[in-house]
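Subject: Structure handover

Hello,

Here is the structure I said I would pass on. My notes on it follow below.

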Amino acid sequence: MSGAAPNITEAQLREEAPKAQRLLDDEYFMTIVREMELAAMEQAIVAPTDTQRQDARIETLMLRKMVGYLQAIAGSLKDMAAARQNMKAME
């Protein structure tokens, strides 16, 4: 799932994109995120109250959104570089 990157400056993007990519490439980190997501999805089904099930669904969505933001931030720097090359090629 990919989400739009939050509003950040180009300088912030240059600083944060490598960090985001390192997290996405970190198998241990991504395994933990997936396990947390699976646990939240399970709680969304088996929790005893509607409030607990709703909280678990929200947690699942937040984990997915976090990964989407990481993907968007990591991809934005690549997209920016490709756009600049395309503009240079058009000149």
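To begin with one residue, Ile73 lies in helix 3. Please keep in mind that this is a predicted model. With a relative accessible area of 13%, Ile73 falls under the 20% cut-off, so it counts as buried. Along the sequence, Ile73 and Glu16 are separated by 57 residues, yet their C-alpha atoms are 7.3 Å apart in space.

Ile73 also belongs to the largest nonpolar core, a set of twelve residues. The other members are Leu13, Ala17, Ala20, Leu24, Met30, Val33, Leu63, Val67, Leu70, Ala74 and Met80. Two or more of the core residues come from each of helix 1 (10-25), helix 2 and helix 3 (50-90). Helix 3 supplies the largest share, with six residues. In soluble globular proteins, nonpolar side chains tend to be buried together.

Met80, another residue of that core, touches Glu10 and Leu13 once residues up to four places away in sequence are set aside. Leu13 is itself listed in the core.

The surface has a nonpolar feature as well. Tyr28, Ile32 and Met36 form a patch there, and together they have about 320 Å² of accessible area. Tyr28 sits in helix 2, which covers residues 27-46. Is Tyr28 buried or exposed? Its relative accessibility is 63%, over the 50% cut-off, so Tyr28 counts as exposed.

Regards

How values were computed:
Residues are numbered from 1 along each chain as its sequence is written. This is a predicted model: local features need pLDDT of at least 70, side-chain atom pairs count only at pLDDT 80 or more; totals for chains, interfaces and linings use all residues. Side-chain values use heavy atoms; hydrogens and water are left out. Patches are made of residues with over 30% relative accessible area and no salt bridge: like charges are joined within 9 Å, nonpolar side chains (Val, Leu, Ile, Met, Phe, Trp, Tyr) within 5 Å. Accessible areas come from the Shrake-Rupley method with a 1.4 Å probe; for residues, only the protein chains shown count as cover. A salt bridge is a side-chain nitrogen of Lys or Arg within 4 Å of a carboxyl oxygen of Asp or Glu. Helices (H or I, at least four residues) and strands (E, at least two) are DSSP runs, numbered from the N terminus. Buried means under 20% relative accessible area, exposed over 50%, partly exposed in between (1.4 Å probe, protein chains only). A nonpolar core is a set of buried Ala, Val, Leu, Ile, Met, Phe, Trp, Tyr and Cys residues joined through side-chain atoms within 4.5 Å. Contact means heavy atoms within 4.5 Å.
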